[in-house]
Amino acid sequence: MEESKTDYQSEDEQKEHKDSKETKYDDNVPLATAVSEWTCDDVYMFVKNINNANSDSLKWWSAYAEDLRNDQVDGMTLMEYCDPKALREDYPRMKKGHARMLQSAINKLKIYNGSTSCSSSTTSAGA
């Protein structure tokens, strides 16, 4: 959706506004910051908002996000997960389907950040 230039005082302000909108994940986590630099709170917001369209599962995602934050999982640690089994190993109460959804979201982050593979020696990012 293209916004009109007349809504802004200058072209620089328009570009800044457009850039700020494009560098957010669900308006909560800055994608302009490399995922490896995310704090535990950034990871919390990312996980909590993975399935925000489905209010029935919001309680689960909030709980998973809280578990990750309690274990101090930051962006660098999050990116170490390569397999939903590893997520379930570290977080046994995570449902299989949710682990797959979270892994899919992590994989998308890896692609966005230019990293598509995991080290072969790392199967779990245990906290």
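What follows is a short chat between a biologist and a modeller about one predicted protein model.

Biologist: Before we dig in, what pLDDT do local features need?

Modeller: Residues are numbered from 1 along each chain as its sequence is written, and side-chain values use heavy atoms, with hydrogens and water left out. This is a predicted model, in which totals for chains, interfaces and linings use all residues, side-chain atom pairs count only at pLDDT 80 or more, and local features need pLDDT of at least 70.

Biologist: In what order do the elements of the protein chain run from the N terminus on?

Modeller: Helices (H or I, at least four residues) and strands (E, at least two) are DSSP runs, numbered from the N terminus. The protein chain has six helices and two strands. From the N terminus on, the order is α-β-β-α-α-α-α-α.

Biologist: What share of the residues of the protein chain counts as buried?

Modeller: Buried means under 20% relative accessible area, exposed over 50%, and partly exposed in between (1.4 Å probe, protein chains only). The chain has 127 residues, and the buried share is 32%.

Biologist: And how much of the exposed area do carbon and sulfur atoms supply?

Modeller: Accessible areas come from the Shrake-Rupley method with a 1.4 Å probe; for residues, only the protein chains shown count as cover. The protein chain exposes about 8,000 Å², and the part from carbon and sulfur atoms is 46%.

Biologist: Which helix gives the most to the largest nonpolar core?

Modeller: A nonpolar core is a set of buried Ala, Val, Leu, Ile, Met, Phe, Trp, Tyr and Cys residues joined through side-chain atoms within 4.5 Å. The largest one holds 24 residues, and F46, V47, L78 and L102 touch the most other members. Helix 2 (40-48), helix 3 (58-70), helix 5 (84-90) and helix 6 (96-112) each supply at least two residues of this core. The top giver, with five residues, is helix 6.

Biologist: Sticking with that core, which residues is L102 in contact with, leaving aside its neighbours within four places in sequence?

Modeller: Contact means heavy atoms within 4.5 Å. L102 is one of the buried residues of helix 6. With those sequence neighbours left aside, the partners of L102 are F46, V47, I50, W61, L68, L87 and M94.

Biologist: Why are the buried residues of helix 6 on the same side?

Modeller: The buried set is H98, A99, L102, Q103, A105, I106, L109 and K110. On the other side of helix 6, K96, R100, K108 and I111 are exposed. The arc is that of the directions from the helix axis to the C-beta atoms. The buried residues sit on the same side of helix 6 because they cover an arc of only 160 degrees.

Biologist: Which helices do the buried residues of helix 6 pack against?

Modeller: Helix 6 has 17 residues and reaches 24 Å from its first C-alpha to its last, close to the 24 Å expected at 1.5 Å a residue. That expected span is 1.5 Å times one less than the number of residues. As for packing, the buried residues of helix 6 go against helix 2, helix 3, helix 4 (75-78) and helix 5.

Biologist: How far apart are the ring centres of W38 and F46?

Modeller: Rings of Phe, Tyr and Trp (its six-membered ring) pair if their centres lie within 6.5 Å; planes under 30 degrees apart count as stacked, over 60 as edge-to-face and the rest as tilted. The structure holds three such aromatic pairs. The planes of W38 and F46 stand at 55 degrees, so this pair is tilted, and the centres are 5.4 Å apart.

Biologist: In the pair W60 and Y64, which residue counts as buried?

Modeller: Being four residues apart in helix 3, W60 and Y64 are separated by about one helical turn. W60 is partly exposed, with a relative accessible area of 27%. At 2% relative accessibility, the buried one is Y64.

Biologist: How far is S57 from H98 in space, C-alpha to C-alpha?

Modeller: S57 is found in the loop between helix 2 and helix 3, and at 7% relative accessibility it counts as buried. Leaving aside its neighbours within four places in sequence, S57 is in contact with N51 and H98. S57 and H98 are 41 residues apart in sequence, while in space their separation is 9.4 Å.

Biologist: Last one: what is phi of Q72 near?

Modeller: Q72 lies in the loop between helix 3 and helix 4, and it is exposed, with a relative accessible area of 60%. Most residues other than glycine have a negative phi. Q72 is a residue other than glycine with a positive phi, near 55 degrees.
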